[in-house]
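Dear colleague,

Please find below the structure that I am handing over to you. My findings follow it, arranged by region.

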Amino acid sequence: MDKKIELYIISITNSQAQAGAFAMLLGEVNGERKLPIIIGPAEAQATALYLRGISTPRPLTHDLFFTVLTSLGITLLRILIYRAQEGIFYSYIYLKKDNEITRIDARTSDAIALAIRAKCPILIYESVLEQESLRIKNESDTQGKDVPREKTKERDSAFNAPSMTLEEVLEKAIKEENYELAAKIRDQIKSEHSKH
């Protein structure tokens with residue numbers, strides 16, 4: 001049986017690779033693995049506003065859905081990211097009414113937006129997290145220091161050095177906190193390993 005690992009939201013930032021998209025970085029509870037997920041602007045806004053405690057004049061879609069569930073006596077128990085394929089994550093939401101539990105397929109970004117409202121766990125299968133995660137180690141020389149960010153073009157061009165191996169480029173991307181690029185490099189490394 002595949003173990004389930006709990007995740008939490010670390011940050012939501014503008015996507016450097018996709019115009020109009022956002023990168024949500026999830027972290028492993030009691031662990032060092034990080035999981036970058038590309039999400040749409042509506043889901044990014046809904047999640048970011050809720051996390052910052054900002055209320056909108058009218059309910060957003062996720063607020064409405066959560067209110068409907070609550071009004072009908074339905075509890076959102078947990079969400080589970082159960083699969084990842086070609087950069088797309090697949091999730092279930094688990095709902096409970098009386099003694100009956102129902103599992104519904106959902107986009108991961110929508111499932112997370114609902115999970116934070118319900119204050120329920122965000123879970124992922126260990127095998128999926130291991131396959132898709134980035135490992136980010138805290139280095140004692142940078143811990144607690146404010147490291148300045150370079151411009152996007154300069155950051156990305158630094159990773160195109162032909163003398164570096166993909167593993168070195170991946171490590172550099174993680175140190176620079178360029179998680180989207182790191183995720184792409186990770187996928188490229190996996191693709192090359194699967195060819196051998």
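The protein has seven helices and eight strands. Please note that this is a predicted model. Of the 196 residues in the protein, 37% are buried. Among contacts between residues at least 6 apart in sequence, 51% join residues at least 24 apart.

I begin with the hairpin. Strand β2 (residues 22-28) and strand β3 run antiparallel and are joined by six bridges. Within this pairing, Met-24 stands opposite Ile-37 in β3. Four residues lie between the two strands of the hairpin, and Asn-30 in the turn has a positive phi of about 60 degrees. Strand β3 covers residues 33-39, and six of its seven residues are buried, so β3 is largely enclosed by the rest of the structure.

Helix α1 comes next, covering residues 41-51. Its buried residues are Glu-43, Ala-44, Ala-46, Thr-47, Ala-48 and Leu-49. These buried residues pack against several elements: the strands β1 (4-14), β2, β3 and β6 (100-107), and the helices α2 and α3. After α1 comes Gly-53, with a positive phi near 75 degrees.

One residue of α1 may deserve your attention. Is Glu-43, which is located in helix α1, buried or exposed? Its relative accessibility is 8%, and because buried means under 20%, Glu-43 counts as buried. Apart from neighbours within four places in sequence, Glu-43 is in contact with His-62, Arg-107, Ser-109 and Asp-110. Two of these partners also appear in the helix contact described next: His-62 in α2 and Asp-110 in α3.

Helices α2 (residues 61-71) and α3 (residues 108-118) pack with their axes 10 Å apart, at an angle of about 55 degrees. That angle makes α2 oblique to α3. The crossing in which α2 passes α3 is right-handed. On the α2 side, the contact is made by His-62, Asp-63, Phe-65 and Phe-66, which meet Asp-110, Ala-113, Leu-114, Arg-117 and Ala-118 in α3. By class, this contact has five nonpolar residues, three charged residues and one polar residue.

How many of the eleven residues of α3 are buried? The count is nine, so α3 is largely enclosed by the rest of the structure. The buried residues of α3 are Thr-108, Ser-109, Ala-111, Ile-112, Ala-113, Leu-114, Ala-115, Ile-116 and Arg-117. Among them, Ala-113, Leu-114 and Arg-117 also take part in the contact with α2. Just after α3, Lys-119 takes a positive phi of about 55 degrees.

The last region concerns Lys-96, which lies in strand β5 (residues 88-97). With a relative accessibility of 31%, Lys-96 counts as partly exposed. Leaving aside neighbours within four places in sequence, Lys-96 is in contact with Gly-73, Ile-74, Thr-75, Leu-77 and Ile-101. Lys-96 and Arg-78 are 18 residues apart in sequence, and their C-alpha atoms are 9.8 Å apart in space.

For a first look at the model, I would suggest starting from Glu-43 in helix α1 and following its contacts to His-62, Arg-107, Ser-109 and Asp-110. From there, the packing of α2 with α3 can be viewed.

With kind regards

Terms used: Residues are numbered from 1 along each chain as its sequence is written. This is a predicted model: local features need pLDDT of at least 70, side-chain atom pairs count only at pLDDT 80 or more; totals for chains, interfaces and linings use all residues. Side-chain values use heavy atoms; hydrogens and water are left out. Axes are lines fitted to C-alpha atoms, for helices over the stretch in contact, and angles run from 0 to 180 degrees between N-to-C directions. Angles under 35 degrees count as roughly parallel, over 145 as roughly antiparallel, 65 to 115 as roughly perpendicular and the rest as oblique. A crossing is left-handed if the near helix is turned anticlockwise from the far one by less than a right angle, and right-handed if clockwise. Contact means heavy atoms within 4.5 Å. Ala, Val, Leu, Ile, Met, Phe, Trp, Tyr, Cys and Pro count as nonpolar, Asp, Glu, Lys and Arg as charged, and the others, Gly among them, as polar. Buried means under 20% relative accessible area, exposed over 50%, partly exposed in between (1.4 Å probe, protein chains only). Two strands pair if DSSP finds at least two bridges between them.
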